[in-house]
Amino acid sequence: MRELRDFAGTVLVLAVLGVAAGVVWSLVAPRAPYVALDGGPALADPSTQALVAADGWFAVITGAVGLAVGLAGFVFSRGRSPSVLAGLAGGGLVAAFLARWIGGVVNLGTAHVAAPVAGGPAVPGALELTAPGVLVACPLLAVGLYGLLLGLGLYRDDEPPLPPPPPL
């Protein structure tokens, strides 16, 4: 029963932090400028770096959450709970998907687009990920840090070998 509680608690904490990460991502990530055309919205500047910057901010924010929760999970479980490790992996994915969804829905960032474009006024687009691989930043860093700390702890726990007996 304790293992299930540890797993569920870890996933729940990561879900709450995922919502917070989505709000932070919405605040800091730039939005690509779009222009309204007859055929629908189109990128105002196809060479914009805003799409890549949004992915980078997502990776940094969720990666920081993963590192913090990986360290906290190791400290609180004393590195001896496989259910916390499983919770870090599963909860990290839950947190990443929640951050992606909340960040796209909340839209707290700047609504100002400074770039002048031909074809009409530019409006900021919705915040979205163009590189879905950044969704694994949170669980990968959480599990990786937990494993690293566990390995260092096991290395320290090993007793040094006994010296060979003296020759007779």
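## Overview of the chain

A residue counts as buried when its relative accessible area is under 20%. By that criterion, 35% of the 168 residues of the chain are buried in this model, which is a predicted one. The chain contains four helices and three strands, and these elements follow one another along the sequence in the pattern α-β-β-α-α-β-α.

Contacts that span long stretches of sequence are well represented: among contacts between residues at least 6 apart in sequence, 83% join residues at least 24 apart.

## Helix α1 and the residue Asp6

Helix α1 covers residues 2-28; with its 27 residues it reaches 39 Å from the first C-alpha to the last, close to the 39 Å expected at 1.5 Å a residue. Its buried residues are Asp6, Thr10, Val11, Leu14, Ala15, Gly18, Ala21, Gly22, Trp25 and Ser26.

Asp6 belongs to this list of buried residues, and its relative accessibility is 14%, so it counts as buried. When neighbours within four places in sequence are set aside, the residues in contact with Asp6 are Ser81, Ser83 and Val84. Two of these partners, Ser83 and Val84, are themselves among the buried residues of α3.

## How α1 packs against α2

The axes of α1 and α2 come within 10 Å of each other and cross at roughly 150°, which means that α1 is roughly antiparallel to α2. The crossing in which α1 passes α2 is right-handed.

On the α1 side, the contact is made by Leu14, Leu17, Ala21, Val24, Trp25 and Val28, while α2 contributes Ala54, Trp57, Phe58, Ile61, Val65 and Val69. Classified by side-chain type, the residues of this contact comprise twelve nonpolar, no polar and no charged.

## How α2 packs against α3

Helix α2, residues 50-77, and helix α3, residues 82-106, pack at an angle of about 155°, with their axes 11 Å apart; α2 is therefore roughly antiparallel to α3. Here too the crossing is described as right-handed, with α2 passing α3. The residues that make the contact are Phe58, Thr62, Val69, Gly70, Gly73 and Ser77 from α2, together with Val84, Leu88, Ala96, Ala99 and Arg100 from α3. They divide into six nonpolar, four polar and one charged. Phe58 and Val69 of α2 take part in this contact, and both also appear in the contact of α2 with α1.

As for the helices themselves, α2 has 28 residues and spans 40 Å between its first and last C-alpha, close to the 40 Å expected at 1.5 Å a residue, and α3, with 25 residues, reaches 35 Å, close to an expected 36 Å. The residue that follows α2 is Arg78, with a positive phi near 55°, and the one that follows α3 is Asn107, whose phi is likewise positive, near 55°. Within α3, the buried residues are Ser83, Val84, Gly87, Leu88, Gly91, Gly92, Ala95, Ala96, Ala99, Ile102 and Gly103.

## Leu145 of helix α4

Helix α4 runs over residues 137-157 and includes Leu145. Although Leu145 and Leu67 lie 78 residues apart along the chain, their C-alpha atoms are separated by 6.6 Å. Apart from neighbours within four places in sequence, Leu145 is in contact with Leu67, Gly70 and Leu71. One of these residues, Gly70, also belongs to the contact that α2 makes with α3.

Key. Residues numbered from 1 in each chain as written. Predicted model: local features only at pLDDT ≥ 70, side-chain atom pairs only at ≥ 80, totals over all residues. Heavy atoms only, no water. Axes fitted to C-alpha atoms, helices over the stretch in contact; angles between N-to-C directions. Helix = DSSP H or I, 4+ residues; strand = E, 2+ residues; numbered from the N terminus. Parallel < 35°, antiparallel > 145°, perpendicular 65-115°, else oblique. Left-handed = near helix turned anticlockwise from the far one by under 90°. Contact = heavy atoms within 4.5 Å. Nonpolar A, V, L, I, M, F, W, Y, C, P; charged D, E, K, R; others polar. Expected span 1.5 Å × (residues − 1). Buried < 20%, exposed > 50% of the residue type's maximum accessible area, 1.4 Å probe, protein only.
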